[in-house]
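Here is a short tour of one protein model, written for someone who is new to reading structures. Keep the sequence and the 3D view open as you go.

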Amino acid sequence: MSVAACCDNIQVHSNTKDFSHSKYLGLFHLYENIEGDPVSCNEAAVFTNEKGKLYMYRSKDGDWVVGTTIGNNKKGVHLRSQDPDRTEYIHECPCQTKCWEKMDVDSSRWKVDPSIRVLIRQARVVI
């Protein structure tokens, strides 16, 4: 089954200076296998960051997460979407999410962070 997303390039962003989870922010692009087909997880496209060490993918619960291992819902997950309509509506692309949480290292609990946003970005063209 082939999957697609409405965006090929996104940016996970926070407008908070000295954001505690800054290493999980940045540019992500549609992740493709060696044949050029989009990689999927839970029937949704997967994105990878520029360094290829972080992924954004849809969890089995329908939330978008930023983590180190595709498909893992707990270990290595540091940011996740938690939109109020998540039980009625599955967001097909992370650009459709509005509410994000970050894992608090001290308490090991999720905390809502209104500064986190996913922005649509154009691919950089070099001439």
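The side chain of arginine 58 reaches the backbone oxygen of glutamate 43 at 3.1 Å. That is a polar contact (a pair of N or O atoms within 3.5 Å; within protein, one must be able to donate a hydrogen and the other to accept it, and residues adjacent in sequence count only if both atoms are side-chain atoms). This is a predicted model, in which local features need pLDDT of at least 70 and side-chain atom pairs count only at pLDDT 80 or more, while totals for chains, interfaces and linings use all residues. Residues are numbered from 1 along each chain as its sequence is written, and side-chain values use heavy atoms, with hydrogens and water left out.

**Arginine 58 and glutamate 43**

- Arginine 58 lies in strand β6; strands (E, at least two residues) are DSSP runs, numbered from the N terminus.
- Is arginine 58 buried or exposed? Its relative accessible area is 6%, so arginine 58 is buried (buried means under 20% relative accessible area, exposed over 50%, partly exposed in between, with a 1.4 Å probe and protein chains only).
- Beyond its neighbours within four places in sequence, arginine 58 is in contact (heavy atoms within 4.5 Å) with residues including Cys41, Glu43, Asp63, Trp64 and His91.
- Glutamate 43 sits in the loop between β3 and β4, and glutamate 43 is exposed because its relative accessible area is 57%.
- The phi of glutamate 43 is near 65 degrees, a positive value in a residue other than glycine.

**An aromatic pair**

- How many aromatic pairs does a search of the whole structure find? The search finds two (rings of Phe, Tyr and Trp, its six-membered ring, pair if their centres lie within 6.5 Å; planes under 30 degrees apart count as stacked, over 60 as edge-to-face and the rest as tilted).
- Tyrosine 31 and tyrosine 55 form a tilted pair, 5.5 Å centre to centre, with 55 degrees between the planes.
- This pair links distant parts of the chain, 24 residues apart: tyrosine 31 is in the loop between β2 (26-30) and β3 (40-41), and tyrosine 55 is in strand β6 (residues 55-58).
- Tyrosine 31 is partly exposed at 26% relative accessible area, whereas tyrosine 55 counts as buried at 14%.

**The nonpolar cores**

- The largest nonpolar core (a set of buried Ala, Val, Leu, Ile, Met, Phe, Trp, Tyr and Cys residues joined through side-chain atoms within 4.5 Å) has 23 residues, of which Val12, Phe28, Phe47, Met56, Val66 and Leu79 touch the most other members.
- β1 (9-14), β2, β4 (44-45), β7 (64-67) and β11 (116-120) each supply at least two residues of this core.
- A second, separate core has seven residues, among them Val39, Val46, Tyr57 and Val77.

**The β9–β10 hairpin**

- β9 and strand β10 (residues 109-112) pair in the antiparallel sense over four bridges (two strands pair if DSSP finds at least two bridges between them).
- Four residues lie between β9 and β10 in this hairpin, and aspartate 104 stands opposite arginine 109 in β10.
- Serine 108, in the turn, has a positive phi of about 55 degrees; at 55% relative accessibility, serine 108 counts as exposed.
- Methionine 103 belongs to strand β9 (residues 100-104) and is partly exposed, with a relative accessible area of 21%.
- Outside its neighbours within four places in sequence, methionine 103 is in contact with His21, Val77, His78, Ser108, Arg109 and Trp110.
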